[in-house]
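Dear colleague,

I am handing over the structure below, with the sequence beside it, and would be glad if you looked at it before reading on. My notes on what was found follow after it.

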Amino acid sequence: MRVHQHPILGALKDEVWVNIEVDGTTICAREGEPIAAAIMANGRLKLRHTRKRQEPRGVFCGIGRCTDCVMTVDGQSNVRTCVTAVKAGMKIQTQGMTGDGEAEEWKK
Ligand code: FES
């Protein structure tokens with residue numbers, strides 16, 4: 001499930017593996033790949049929940065247009081993870097839910 005040739009981020013050059021943190025869980029990702037792809041490759045498809053109805057959302061367009069993949073990245077909210085490249089040590093959080101619910105979502 002890795003994206004090797006992304007239409008916006010380009011081709012992955014070197015195979016450099018790094019750790020990133022998603023909702024408090026450390027996962028392994030390839031540096032330069034889309035954050036959303038790294039999360040999906042680690043078995044999670046839900047990237048956020050809608051504000052009003054708490055409905056799950058994941059990658060829809062994959063090209064930065066729909067905002068279904070937005071997450072908080074290193075403290076900045078509404079980052080489109082389908083077009084944002086992984087960097088070592090990133091801390092990523094789900095938007096739309098609070099508290100322990102996030103940790104429980106990761107386990108599903
Ligand atoms: S999936 Fe549409 S903006 Fe990321």
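**The nonpolar core**

The largest nonpolar core in this predicted model has 19 residues, and those with the most contacts inside it are Ile 20, Ile 35, Ala 36, Ala 38, Ile 39, Val 86 and Ile 92. Two or more residues come to this core from each of E3, helix H1 (35-41) and strand E7 (70-73), and H1 gives the most, with six residues. If you would like one residue to start from, Ile 20 touches Ile 27, Ala 29, Ala 38, Val 86, Gly 89, Met 90 and Ile 92, leaving aside residues up to four places away in sequence.

**The sheet**

Five strands form an open sheet in the order E4-E3-E9-E7-E8, and their pairing is mixed. Strand E4 (25-30) and strand E8 (76-80) are the edge strands, each pairing on one side only, while the twist from one strand to the next averages 40°. Strand E3 (residues 17-22) and strand E9 (residues 91-93) run parallel and are joined by two bridges; Glu 21 has Lys 91 in E9 as its bridge partner.

**How far to trust the model**

The protein chain has an average pLDDT of 87, and 87% of the residues score at least 70. Over residues 99-108, however, pLDDT stays under 50, and for this stretch the model has twelve contacts beyond four places in sequence. Where pLDDT is low, the predicted coordinates should not be read in detail, so please treat that stretch with care.

With best wishes

Key
Residues numbered from 1 in each chain as written. Predicted model: local features only at pLDDT ≥ 70, side-chain atom pairs only at ≥ 80, totals over all residues. pLDDT = per-residue confidence, 0-100. Contact = placed C-beta atoms within 7 Å. Pairing = 2+ DSSP bridges. Helix = DSSP H or I, 4+ residues; strand = E, 2+ residues; numbered from the N terminus. Axes fitted to C-alpha atoms, helices over the stretch in contact; angles between N-to-C directions. Core = buried A, V, L, I, M, F, W, Y, C linked by C-beta atoms within 7 Å. Buried ≥ 20, exposed ≤ 12 C-beta atoms within 10 Å, placed from the backbone.
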